[in-house]
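Welcome! Here are some exercises to help you find your way around a protein model, each with a solution worked out in steps.

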Amino acid sequence: IQKAYDKGHEIMIHLPMEAHEAESGYKADPGPHALYTNYELEKVKSLTDANMKDIWQMAVGVNNHMGSKFTEWKEGMEVVLQQVSEHELLFLDSLTTSNSVVDEIKPYFTHTPILKRNVFLDHVIEQDKIMQALEKTERIAKANGYAIAIGHPHEETTNALVSWVKTLNEKNIQLVPITALIKE
């Protein structure tokens, strides 16, 4: 994180949150200090603080890691967004569920930039599928003026991005940091 920050890259805090159990019964583990819907709100607050503690001063924002279940919990997300707001960061909803409450509670956080992703790049970790997701990103960007795509640091994702970035000038597409999308 420090190296990326020193090179001028924008840092996002990837906040681990509870995911829904899969139909197969599989329960994904979002990692240490994850936020769960069965926690008291004070524990949600303290864990959010713990996750942000060491890097919030370098970060420009927070987004959810997993969180399909947690981002549907209004009270829990209000606590998270309050912490994000207090640290003057933006929140990027990864939209791991179509039932996210972030849009619903957004009006209560008028001084906190809240964005949402348009495309998930590597739901399928195959270079051709990632390239298709990048083409979708282009279509959305051309239609809306911008698009937010997120992905993981898989080798296939990185290779696709390196190849794709080389084509952006000829397509008249500009890659910008997330803060360039904040509207006053």
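**Exercise 1.** Find the residue that stands opposite Met17, then describe its surroundings.

*Solution.* Step one: Met17 stands opposite Met66 in β2. Strands here are DSSP runs of E with at least two residues, helices are runs of H or I with at least four, and both are numbered from the N terminus. Two strands pair if DSSP finds at least two bridges between them.

Before going on, a note on the model: it is predicted, so local features need pLDDT of at least 70 and side-chain atom pairs pLDDT 80 or more, while totals for chains, interfaces and linings use all residues. Residues are numbered from 1 along each chain as its sequence is written, and side-chain values use heavy atoms, with hydrogens and water left out.

Step two: look at the two strands. Strand β1 (residues 11–17) and β2 run parallel and are joined by seven bridges.

Step three: check the cover. In strand β2 (residues 59–66), six of the eight residues are buried, which leaves the strand mostly covered. Buried means under 20% relative accessible area, exposed over 50%, and partly exposed in between (1.4 Å probe, protein chains only). Met66 has 26% relative accessibility and therefore counts as partly exposed.

**Exercise 2.** Examine Ala59: is this residue buried or exposed, and which residues does it touch?

*Solution.* Step one: place Ala59 in strand β2. Step two: its relative accessibility is 10%, so Ala59 counts as buried. Step three: leaving aside residues up to four places away in sequence, Ala59 touches Ile11, Ile13 and Leu89; a contact means heavy atoms within 4.5 Å. Step four: compare sequence with space. Tyr5 is 54 residues from Ala59 along the sequence, yet their C-alpha atoms are 8.4 Å apart.

**Exercise 3.** Look at the backbone angle phi of Met66 and Glu88: what is its sign?

*Solution.* Step one: recall the usual case. Most residues other than glycine have a negative phi. Step two: Met66, although not a glycine, has a positive phi of about 60°. Step three: Glu88 is also not a glycine, and its phi is positive too, near 55°. Step four: find their places. Met66 is in strand β2, while Glu88 lies in the loop between α3 (74–86) and β3 (90–93). Glu88 counts as exposed because its relative accessibility is 73%.

**Exercise 4.** Locate Ser163 and give its distance from Met131.

*Solution.* Step one: Ser163 sits in helix α6 (residues 155–165). Step two: with a relative accessible area of 34%, it is partly exposed. Step three: Ser163 and Met131 are 32 residues apart along the chain, and 9.1 Å separates their C-alpha atoms.

**Exercise 5.** Now step back and describe the whole chain.

*Solution.* Step one: count the elements. The protein chain has seven helices and six strands, in the order α-β-α-β-α-β-α-β-β-α-β-α-α from the N terminus. Step two: its radius of gyration is 17 Å, close to the 16 Å of the globule rule for 184 residues, so the chain is as compact as a globular protein of that length. This radius is taken over C-alpha atoms, and the rule is 2.2 Å times the number of residues to the power 0.38. Step three: of the 184 residues, 39% count as buried. Step four: among contacts with a separation of 6 or more, 72% involve residues 24 or more positions apart.
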